[in-house]
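This report describes the architecture, the internal spaces and selected residues of one protein chain.

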Amino acid sequence: MLLAGGLWSATIAPLQITPPAIAQSGNPRALQLRANATQANAKTGVVVASGNVQIDYPARDIKATAAQATYYSREGRMVLSGNVYILQEGNSLRGEVITYLINEGRFVARPRAGKQVEAIYLLPP
């Protein structure tokens, strides 16, 4: 549903937010996002997904879950919040807010107040 100001809203899951040209089968840039609700603003390039967010990014072997995800397409940045769990190549990261800097392939994690971030890394033998 297109709303005023170029804002797009849906409550359909699963939802693939990548444009069809990018989301084609086998395209290494495809990132699949599922959520209970999403909003995308064509003017700002910001996509907000909320409720049972699930992300699958096969090109970088990333799977993630969170309560909410905000994707800033122009900046190449995704902010996941609310009991975030990320799994990449057997390594895992948990925190309250985790920012994924897509172009850099880097995560920045923050804990819930009074808690800690948890990371589990597989070390080479």
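How many helices and how many strands does the chain have? The chain has zero helices and 10 strands, where helices (H or I, at least four residues) and strands (E, at least two) are DSSP runs numbered from the N terminus. The model is a predicted one, in which local features need pLDDT of at least 70 and side-chain atom pairs count only at pLDDT 80 or more, while totals for chains, interfaces and linings use all residues. Residues are numbered from 1 along each chain as its sequence is written, and side-chain values use heavy atoms, with hydrogens and water left out.

## Overall architecture

Along the sequence, the elements follow the pattern β-β-β-β-β-β-β-β-β-β. Of the 125 residues in the chain, 31% are buried; buried means under 20% relative accessible area, exposed means over 50%, and partly exposed lies in between (1.4 Å probe, protein chains only). Contact means heavy atoms within 4.5 Å. Among contacts between residues at least 6 apart in sequence, 34% join residues at least 24 apart.

## The cavity

A cavity is defined on a 1 Å grid over the protein atoms alone, as a set of points where a 1.4 Å probe fits but cannot get out; a pocket is an open set with protein on both sides within 12 Å along at least five of seven lines, and lining residues have an atom within 4 Å of a point. Grid points are joined across faces, edges and corners, and a volume is the space filled by probe spheres set on the points.

The whole structure holds one cavity of 30 Å³ or more. The volume of the largest cavity is about 60 Å³. Its lining consists of Leu31, Ile55, Tyr57, Ile62, Ala64, Met78, Leu80, Ile86, Tyr100 and Phe107. At least two lining residues come from each of strand S5 (46-57), strand S6 (62-72) and strand S7 (77-88), and S7 gives the most, with three residues. In class terms, this lining has 10 nonpolar, no polar and no charged residues; Ala, Val, Leu, Ile, Met, Phe, Trp, Tyr, Cys and Pro count as nonpolar, Asp, Glu, Lys and Arg as charged, and the others, Gly among them, as polar.

## The second largest pocket

The second largest pocket has a volume of about 160 Å³. Two or more of its lining residues are given by each of S7, strand S8 (91-101) and strand S9 (106-110). The lining is formed by Ile86, Gln88, Glu89, Asn91, Ser92, Leu93, Phe107, Ala109 and Tyr121. S8 supplies the largest share, three residues. Five of the lining residues are nonpolar, three are polar and one is charged.

## Aromatic rings

Two rings of Phe, Tyr or Trp (its six-membered ring) pair if their centres lie within 6.5 Å; planes under 30 degrees apart count as stacked, over 60 as edge-to-face and the rest as tilted. By this rule there is one aromatic pair. It joins Tyr100 and Phe107, which are stacked at 4.6 Å centre to centre with 20 degrees between the planes. Tyr100 is buried at 4% relative accessibility, whereas Phe107 is partly exposed at 22%.

A charge sits over a ring if NZ of Lys or CZ of Arg is within 6 Å of the ring centre and within 35 degrees of the ring normal. Arg77 lies over the face of Tyr72 in this way, at 4.1 Å from the ring centre.

## Individual residues

Which residues does Thr99 touch, not counting those up to four places away in sequence? Thr99 touches Arg77, Met78, Val79, Arg106, Phe107 and Val108. Thr99 belongs to strand S8.

Ala37 lies in strand S4 (residues 37-41). The C-alpha atoms of Ala37 and Ser50 are 5.4 Å apart, although the two residues are 13 residues apart along the chain.

Asp61 is not a glycine, yet its phi is positive, at about 50 degrees. Glu89, also a residue other than glycine, has a positive phi near 50 degrees. The table gives the place and accessibility of these four residues.

| Residue | Place | Relative accessible area |
|---|---|---|
| Ala37 | strand S4 | 25%, partly exposed |
| Asp61 | loop between S5 and S6 | 42%, partly exposed |
| Glu89 | loop between S7 and S8 | 54%, exposed |
| Thr99 | strand S8 | 16%, buried |
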